[in-house]
Amino acid sequence: MTRRMHFTLGAIAAMTLSTAAFASEVAPDAVEFGDEGVMTSLTGVAGDPVAGAETFKSRKLGNCLACHANADMSGELFHGDVGPSLDGVADRWEEPMLRAIVANSKQIFTEATIMPGFYSLEVGKHLREDLEGQTILTAQQVEDVVAYLGTLKE
Amino acid sequence: MKRLLVAGVVLAASLAGSGPIWADPVDDTLEIDGVPIVTRTAAPEGHPFDELYSGWLFREKETRDLSRDSFENPGMIAVEDGEAMWNTVEGTAGKSCASCHGDAAESMKGVGASFPKWDADSGRPINVELQINKCRTEQMGAEALPFNKGGQQELTAYIKHQSLGMPVKLDLTEGEMQSWWERGKDVYYTRTGQLNLACASCHEVAMGKMIRADHLSQGQVNGFPTYRLKSGLTSLHQRFRGCIRDTRAVQPDAFSDDLMALETYVTWRGTGLSVETPSVRQ
């Protein structure tokens, strides 16, 4: 009986937690872009710069080095130069602007930018069916990358 | 075997060293077995670039050197296979390509520089691969070759190689070639997939930049089928499909209307560059 009670309580607690996390997550089409960028966290959970560095580096996730050089990752071979170097990027942009650029840079620069929107449903034509409604990164992965970018100061 | 070893060594070397990072096409000239190759030329009227560059100018020295000598070029194995196929009888009519066309060095000279052409029978542009299939089904009594199978790439490489060094020049006045060119232009500038990229995003706007270890070229097609050091002989429509897949979009079918239009348009974008088939690329 006691064991069962514990199980039930635990299950309810877990459900409540996951519902809370879901409820505070901003949906990709509800992100508000202002002059200063995106002011509020997409998840309400502080970004983790260590996880963000991994997302940044991973070719299957951010793959940010494909286009951006980053001296902080000089151990990685081959940094692209399609976009600007990210050295000192946190000196140039505040956190809300970094969040906005990662989430959907077309809202900040112009429609013509090559940079994909990592938390956007404004995608190209003929989208692969399994990616319908999916963003490149999750809201938390964006927060993690933004936290990592915040460490890149000169 | 020697060619395969050479290719392997170059691949290993390019993976191991970080190599020089440069922003522009190199200053170098290409001759293949004494045939001068135009690797840079003035763009035709209405082209977004002033000057056209062969993808050869964007590759590292080791890769460029493999193109200079047809004995070192690993793609020449495919050309030899294609030559054997040219002379092989197939189908109910008991014919080979050579039965009607004789010596390819004579009869196929210029073909690789002038296709796609208008095909009134099908009412669409026809490329070398589809022309081979037309000959097979209508003249030889043989089955059409499926995409990239049955020696399609090898025979295409052999036929295009007969135009080595000749400048690419399409006739857009034939039939409805001009409207297919327009459609191909639309395809070229259409952003696709989750990554939301068009051909132009990389090969026009970011041309000359590095995307990770890859030096972005103008996306010229004068060397196809090309020998890629990472994947071997590669047909043009295979490359189109690979690029589009990488944008995380549905891949169009090879020889579909969209890709035939795209082939027409990007071939025009290389007007005046020499045919390099089989080129050697990264």
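## Contacts around A:Leu149

Two residues count as in contact when their C-beta atoms, placed from the backbone, lie within 7 Å. This is a predicted model, and on that footing we can ask which residues A:Leu149 is in contact with once its neighbours within four places in sequence are left aside. The list runs to A:Leu86, A:Val89, A:Ala90 and A:Leu98.

## Two nonpolar cores

A:Leu149 also turns up in the largest nonpolar core, a set of 27 residues. It is one of the residues with the most contacts inside that core, along with A:Val102, A:Ala103, A:Tyr119 and A:Val142. Three helices of chain A, α2 (49–57), α4 (95–104) and α5 (139–149), each supply at least two of the core's residues. The biggest giver is α5(A), with seven residues. As a bit of background, nonpolar side chains in soluble globular proteins tend to be buried together.

Apart from that core lies another one, made of 18 residues. Its members include A:Leu127 from chain A, plus B:Val221, B:Leu259 and B:Val266 from chain B.

## Where the chains touch

How many residues of chain B are in contact with chain A? The count is 21, and they meet 19 residues of chain A. On the chain B side, α10 (199–205) and β7 (210–211) each put in at least two residues. As for character, that side of chain B splits into nine nonpolar, eight polar and four charged residues.

## A small sheet in chain B

Chain B has an open sheet of three strands, in the order β10-β9-β11, with mixed pairing. The edges are β10 (232–234) and β11 (280–281), each of which pairs on one side only.

Strand β9 (226–228) of chain B runs antiparallel to β10(B), and the two pair over three bridges. Looking at single residues, B:Thr226 has B:Thr234 in β10(B) as its bridge partner.

## The listed site at B:Arg239

UniProt, in an unreviewed entry, lists B:Arg239 under "binding site". In the model, this arginine is found in helix α11 (236–246) of chain B. Is B:Arg239 buried or exposed? It comes out in between: B:Arg239 counts as partly exposed because it has 18 C-beta neighbours inside 10 Å, while a buried residue needs 20 or more.

## How confident is the prediction?

The model scores ipTM 0.86 and pTM 0.89. Chain B has a mean pLDDT of 93, with 92% of its residues at 70 or more. Residues 1–22 of chain B are another matter: there the pLDDT is below 50. That stretch still has 23 contacts in the model beyond near neighbours in sequence.

Note on methods: Residues numbered from 1 in each chain as written. Chains lettered and ligands numbered in written order. Predicted model: local features only at pLDDT ≥ 70, side-chain atom pairs only at ≥ 80, totals over all residues. Core = buried A, V, L, I, M, F, W, Y, C linked by C-beta atoms within 7 Å. Buried ≥ 20, exposed ≤ 12 C-beta atoms within 10 Å, placed from the backbone. Helix = DSSP H or I, 4+ residues; strand = E, 2+ residues; numbered from the N terminus. pLDDT = per-residue confidence, 0-100. Nonpolar A, V, L, I, M, F, W, Y, C, P; charged D, E, K, R; others polar. UniProt positions renumbered as here; feature names shortened; annotations may be inferred. Pairing = 2+ DSSP bridges.
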